[in-house]
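Biologist: I've got the sequence and the model open side by side. Can we walk through a few spots together?

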Amino acid sequence: MKVLKFGGTSVSNAQNITLVKDIVSKIESDKAVVVVSAMGGVTDLLLNTASLAALQDDTYKPFLKEIEDRHLKTIKELISIKIQSRVLSKVKSELNTLETLLEGAFLIGEITPKLSDKIVSYGELLSSYIIGEFFAEAGLDVAHIDSRELIKTDDFNGKAAVNFELTNQLCAEYVAKTPHRIIVLAGFIASTVNGDSTTLGRGGSDYTAAIVAAAINADLLEIWTDVSGMYTANPKLVKQAKAIQHISYEEAMELSHFGAKVLYPPTIQPVLAKGISIQIKNTFEPDNPGTIITKNKNEKGKTVRGITHVSNIALLSLEGPGMVGIPGISKRFFEVLSQANISVVLITQASSEHSICVGISANDITEAEQTVNTTFAYEISRGKINPVLVETGLAIIALVGDNMKSHQGLSGKMFSTLGRNNVNIRAIAQGASERNISAVINKEDVKKALNSLHEEFFEENIKQLNLFVMGVGNVGGKFLNQIKQQQKFLKENLKLNPRVIGISNSRTMIFDEDGISLKNWETRLSEGEQANKSKFLETVNALNYRNSIFVDNTASEEVSNTYHSYLGNSISVVTCNKIACSSNYSNYLELKELAREYNAPFLFETNVGAGLPIIDTLKHLIASGDKVQKIQAVLSGSLNFVFNNFNDKTTFHDVVKQAQEEGYTEPDPKIDLSGIDVMRKILILARESGNQLEIDDIENKAFLPQESLDTTNNKDFFASLKKNEASFQEMYKNAVASDSKLKYVAQFENGKASVGLQQIPKGHDFYNLEGSDNIVLFFTERYPNQPMIIKGAGAGADVTASGIFADIIRIGNF
C-alpha cells in the first residue's frame with residue numbers, strides 16, 4: 001500500500017491531470033491513496049480574493065471569476081459530455097457558496113481566521129472532486145472522500161494542530177473498509193471535531209499525505225512535483241545543481257526547513273517514527289528515479305549533501321549590560337515571540353550573555369519589534385537593555401549533511417569561500433547535531449553564495465570564472481578567440497571554466513547571465529545596447545557573480561578610473577592599460593590596498609613586456625626576500641621594431657607607419673616614440689620593486705624633434721617625421737660609425753630612472769635584440785654581476801592577449 005501526493009503544478013490544468021491519471025493507473029499495490037493540492041496558483045488567488053473582499057474592494061470579483069473559469073474549463077476538457085453536466089452542477093454549487101462567503105467578508109469589511117480557512121479550502125475541495133470524477137470516468141476503481149471527514153485538528157485556524165489519535169483511527173478504518181483500490185482526497189484541509197474547516201499551513205498537502213501514510217502504515221509515500229527530486233541546491237539559482245538519489249530523514253528535514261521547497265518541513269515527522277520511505281518524483285518525467293528518503297542513509301559517506309537557503313529573513317537582536325548573569329531574560333524573550341505566534345528560524349547568543357540574536361521572517365519583524373520592546377520596556381527605560389535592534393534585507397544559507405560532524409574544517413571552508421567572494425556574514429549558527437551550519441547574509445548575495453559553495457563542495461573542483469570584457473579591438477578580439485580555443489583544455493586540465501558574461505566596445509555592449517557564445521559575439525555585440533561605462537559597472541555589480549573579473553583591453557583613462565569601484569566590490573581587475581599603475585603613486589597604492597582588502601586580485605602583467613612574465617618574476621623575487629639594485633631594459637617592442645628596421649635605405653616615417661599598421665604601436669604612435677610609454681613601464685617596475693616614484697621623477701632623453709612632440713594629431717606627426725628625416729638619418733650614421741645599434745633603453749638605479757635612445761655596442765645583451773622583442777635585466781642582491789634576464793616578444797596583439805589570458809589563469813589558481 002502506498003500514498004501519492006500531487007502538487008499544484010502537477011494538477012494545474014487538464015493536460016497535467018491527464019499525466020497524473022496515467023501515473024495512478026500504473027500503480028501495482030492493492031490500494032493507494034492519492035492526495036492532491038489545489039490547481040497551481042488557485043490558493044494564492046483565493047487568498048488575494050479574500051483580502052480584497054475584506055477591504056471592501058469589489059475588484060475581488062474578477063479574481064473570483066478567474067477561479068471559476070479555470071475550474072469549469074478544466075472540467076470541459078477532462079470530462080465527457082455524458083456526465084459533464086452533473087460535475088459542472090456540483091462545482092458551480094460549491095463556487096456559489098464560495099461567492100456567498102466572499103460577499104459576507106465584503107459586507108462586514110473583515111475576514112476572520114476561521115472564515116479565511118473556509119474560503120481557502122475550496123482550492124483543494126474543487127480539484128480533488130474534479131480529479132476523482134475524471135479518474136472514475138477513465139475506468140479507475142476510485143473513491144473520493146472529503147479530507148475533513150478524516151483529518152481532525154484543533155481550532156487554531158491557519159495552521160491547525162492535528163489530533164493524531166482520532167485522525168489515525170478514522171483514516172485506518174476508512175481505508176480498511178472501502179472496497180475501492182484508489183482513494184482520492186484533498187490535501188491541506190482538515191476540520192475540527194465540530195466540523196469547522198481548518199488548514200494545515202501552506203504546503204500542508206505534503207503533510208496530509210504523510211499523516212495518512214503513517215495512519216495506514218503505508219509502504220511508501222510518493223511526493224510528485226515538477227522537479228526530479230531534492231537537489232544539492234536550488235536548480236533555478238545554481239545551474240550545476242544535481243539531484244540527490246538517496247538521503248536520510250534528518251538531512252531531508254534540514255534541507256526542507258531551510259528552504260528546499262520540494263518538501264514541506266513537517267511532512268517527514270509523521271512517517272519518521274514508522275520508518276516509511278518517501279520518494280520525490282517528477283510528474284513530467286515519471287521514469288526519473290528522483291530522490292528516496294529513508295532512515296540513516298548517507299550515500300558513500302558524503303559530508304555535505306545539500307546547500308539551501310531561506311529568503312526574506314530579518315535579525316532581531318536584544319542586548320545590554322543588564323542581561324549578563326540575569327536568569328530568565330532568554331525565557332522572556334522567546335516566550336513573548338511564541339505568544340505572538342512568531343517562529344524563530346535561527347538563534348545565536350554571545351557567550352558573554354550580553355546579547356541574543358534570532359532570525360525570523362521579515363513579515364513578522366514589525367510586530368516582533370513592538371512586542372519585545374513592550375515586554376522589556378522597564379529594563380529599556382533603566383538603560384539595562386537597549387531597544388531591540390532590527391536588521392532586514394537578509395537571508396539564511398545552510399550546509400546540510402549527516403556526516404559533517406565527523407569532518408574537520410567544513411566551517412572554515414564554508415566561511416573562507418564566502419569571504420573570498422565578498423559575502424558578508426551577519427550571524428552564524430550550528431546545531432549540536434552538527435548536521436547543518438547556517439549563516440545569515442545579505443539577500444542580494446544569495447545567488448553568489450549558493451554558487452560559490454556549490455562549486456566548492458560539489459563540482460569536482462572546477463572553478464567558474466565570470467569575465468566582463470571592455471575593449472574588443474585588436475587585443476580584445478584576440479583574447480576572446482584564445483578563450484574560445486582553450487575552454488576545453490582549461491576545464492579538463494586546469495579545472496577552470498571561464499565564461500564571458502559582458503562585452504563592451506566604445507559603441508555597444510551586451511550581457512548574458514548564462515555566458516556569451518564566443519562563436520558569434522561580434523554579431524551580438526553589433527546589435528547590443530548603447531555602450532555606457534557607468535551602466536556596465538552597475539550591471540556587473542548587480543549580477544553579483546562569484547569569481548568576477550573585469551578585463552580592461554583599452555588605453556582609456558576614464559576606464560582606468562573605474563578600477564576602484566570594481567575592486568571595492570570584490571571584482572578582480574586584469575588590465576593591459578598602463579594608465580592606472582603609472583598614475584599618482586597614491587592612486588597606485590590605493591588600488592593595491594583595495595585588492596588586498598577585498599581579496600580581489602589586481603593584475604597587470606601586460607603593462608610591461610606584453611605576454612612576458614616580467615612583473616610576475618619581479619614579484620617572486622621581492623616576495624622571496626631579494627632586493628633589486630638596478631634594472632636595465634628595452635621595454636618598447638614598438639621602438640625596437642622601428643630601430644631594427646630603420647636604416648639608410650628606408651625612411652623613419654615609413655618604418656613608423658609600418659609599425660602602426662602592423663599593430664606594434666599605440667593608435668597614436670607619438671605615445672611610443674615620445675618615450676611616455678617606456679616611462680610608464682619603468683615606473684611600474686620601479687614601484688613593483690618597492691620604490692616610491694612619480695612619472696615626473698623620470699628623466700626623458702627625447703630623440704624626437706620638438707616640432708614632432710608638439711603635434712596634436714597623427715597627420716601632423718607623420719608630416720613632421722618626413723620633414724626631419726635628415727636628423728634621423730644622422731642618428732643612424734653615428735651608430736653605424738661606432739659599430740653600434742640604436743636601442744631605446746630604460747634604466748632604474750639608486751632610486752632614479754631614465755629613458756632614452758642609446759648606441760649599444762657589440763657584445764652587449766641588447767645588441768642582438770631582434771624584431772619587436774623586449775629584454776629586461778634584473779640586477780639584485782642575489783644576481784649582482786650576472787643579471788636575471790627575461791627576453792622575448794614584447795609587442796603585438798597575440799602576445800598581449802596571451803598575457804591577459806595568463807593573468808586570468810593566475811586568478812583562477814588563487
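Biologist: Let's start with S517. Where is S517 found?

Modeller: Keep in mind that this is a predicted model. Strand 19 covers 508-511 and helix 17 covers 521-526. S517 falls in the stretch that links them, which is the loop between strand 19 and helix 17.

Biologist: And does S517 count as buried, partly exposed or exposed?

Modeller: The C-alpha atoms of S517 and I501 are 9.3 Å apart, with the two positions 16 residues apart along the chain. The relative accessibility of S517 is 34%. Buried needs under 20% and exposed needs over 50%, so S517 counts as partly exposed.

Biologist: Now A633. Is A633 buried or exposed?

Modeller: A633 is found in strand 24, residues 628-634. Setting aside neighbours within four places in sequence, A633 is in contact with Y744, V745, A746, F766, I775 and V776. Its relative accessibility is 0% and the cut-off for buried is under 20%, so A633 counts as buried.

Biologist: How far apart are the C-alpha atoms of A633 and L777?

Modeller: Along the chain, A633 and L777 are 144 residues apart. In space, their C-alpha atoms are separated by 6.0 Å.

Biologist: What share of the contacts in the chain with a separation of 6 or more comes from residues 24 or more positions apart?

Modeller: A633 gives one long-range example, with I775 and V776 among its contacts. For the chain, residues 24 or more positions apart account for this share of those contacts: 72%.

Biologist: Which helix gives the largest share of the largest nonpolar core?

Modeller: That core has 72 residues, and F550, F602, L635, F652, I682, F703 and F778 touch the most other members. F703, for one, touches L639, F643, F652, L673, F728, M731, Y744 and L757, leaving out residues up to four places away in sequence. The largest share, seven residues, comes from residues 676-688, that is, helix 26.

Biologist: How many residues are in the second, separate core?

Modeller: V20, V36, L95 and L125 are included in this one. Its residue count is 55.

Biologist: Which residues of helix 5 are buried?

Modeller: Helix 5 runs over residues 113-120. Its buried residues are covered by elements including helix 2, helix 4, helix 6 and strand 6. The buried ones are L115, D117, I119 and V120.

Biologist: On to the second largest pocket. Which class of residue is most numerous in its lining?

Modeller: The pocket holds about 1,000 Å³ of space, and 47 residues line it, with V475, N553, A555, E666 and P667 nearest its centre. Helices 16, 23, 25, 26 and 30 each give two or more residues to the lining. By class there are 15 nonpolar, eight charged and 24 polar residues, so the answer under the usual grouping is polar.

Biologist: K495 has a positive phi though it isn't glycine. What is the phi of K495 near?

Modeller: K495 sits in the loop between helix 16 and strand 18. It is partly exposed, at 33% relative accessible area. Its phi is near 60 degrees.

Biologist: N599 is another non-glycine residue with positive phi. Where does N599 lie?

Modeller: The phi of N599 is near 55 degrees. At 40% relative accessibility, N599 counts as partly exposed. N599 lies in the loop between helix 21 and strand 23.

Biologist: Last one: what radius of gyration does the chain have?

Modeller: The C-alpha trace spans about 115 × 70 × 55 Å along its principal axes. A compact globule of 814 residues would have a value near 28 Å. The chain has 36 Å.

Technical notes:
Residues are numbered from 1 along each chain as its sequence is written. This is a predicted model: local features need pLDDT of at least 70, side-chain atom pairs count only at pLDDT 80 or more; totals for chains, interfaces and linings use all residues. Side-chain values use heavy atoms; hydrogens and water are left out. A nonpolar core is a set of buried Ala, Val, Leu, Ile, Met, Phe, Trp, Tyr and Cys residues joined through side-chain atoms within 4.5 Å. Buried means under 20% relative accessible area, exposed over 50%, partly exposed in between (1.4 Å probe, protein chains only). Helices (H or I, at least four residues) and strands (E, at least two) are DSSP runs, numbered from the N terminus. Contact means heavy atoms within 4.5 Å. On a 1 Å grid over the protein atoms alone, a cavity is a set of points where a 1.4 Å probe fits but cannot get out, and a pocket is an open set with protein on both sides within 12 Å along at least five of seven lines; lining residues have an atom within 4 Å of a point. Grid points are joined across faces, edges and corners, and a volume is the space filled by probe spheres set on the points. The radius of gyration is taken over C-alpha atoms; the globule rule is 2.2 Å times the number of residues to the power 0.38.
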